[in-house]
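Visitor: I should like to understand how such a structure is described. Please guide me through the terms as they arise.

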Amino acid sequence: MPPRRRGSSGFRGVRVRPRGRFYAEIRVGGFRLTLGTYNTPELAARAYDAAAWRFRRPRRDMNFPDVESLEEAEFLAPAPSLVDDEDRRRHRQVQRRIAIAEHDEQLMRQWRAQFPNDVVNTDAFFADLRAQRRFNRRHRRAVAEFELENPNTTWTENDPRWDDIWTETTSDDE
């Protein structure tokens, strides 16, 4: 028997979202229970049918009346994930962090506009830092090469300073 079609989505308890996804819900005792958003109307209708089976609705209220049991309905559409207090808490926490990050970005834009000289100084600071690191790498490599040629070296065979011989000295990325 073909599935019973209803409304704009073609199924009972399924609505079309503006971006082309399908939202499933079921009404129980004056309340609307959200079942989730799905990529196809058939998946949303299967979720509605599984919920209808759980709430002991008559078969005429189902989208696919050929389903014989709750187990078969749940197999075709897994049980919806229910939103609990922990999910709500995590969502609020994520939203707060996003709001803080957006506020920080806004403040940084204002700071850059108000103090453009600091941005130049920041660039100069990091350029000096890169130059200093490059100098330190070259110095460590020269010391390691000197110790390699020195017959009276005090370095042991497994001294980690020997690794400086193979240090790249032309890279500006560190």
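Visitor: How do you know that the span of helix α4 (residues 116-149) agrees with its 34 residues?

Guide: The expected span of a helix is 1.5 Å times one less than its number of residues. For α4 this gives 50 Å, and because its end C-alpha atoms are 51 Å apart, the two values agree. Helices (H or I, at least four residues) and strands (E, at least two) are DSSP runs, numbered from the N terminus. This is a predicted model, in which local features need pLDDT of at least 70, side-chain atom pairs count only at pLDDT 80 or more, and totals for chains, interfaces and linings use all residues. Residues are numbered from 1 along each chain as its sequence is written, and side-chain values use heavy atoms, with hydrogens and water left out.

Visitor: Why is Arg56 called exposed?

Guide: Exposed means over 50% relative accessible area, buried under 20%, and partly exposed in between (1.4 Å probe, protein chains only). Arg56 has a relative accessible area of 75%, so Arg56 is exposed. Arg56 lies in the loop between α1 (41-54) and α2 (70-76), and its phi is near 55°, a positive value in a residue other than glycine. Most residues other than glycine have a negative phi.

Visitor: Which residues of α4 are buried?

Guide: Arg137, Ala144 and Glu147 are buried in α4. Across the protein chain, 24% of the 174 residues count as buried.

Visitor: What pattern does the protein chain follow along the sequence?

Guide: The pattern reads β-β-β-α-α-α-α, which comes to four helices and three strands.
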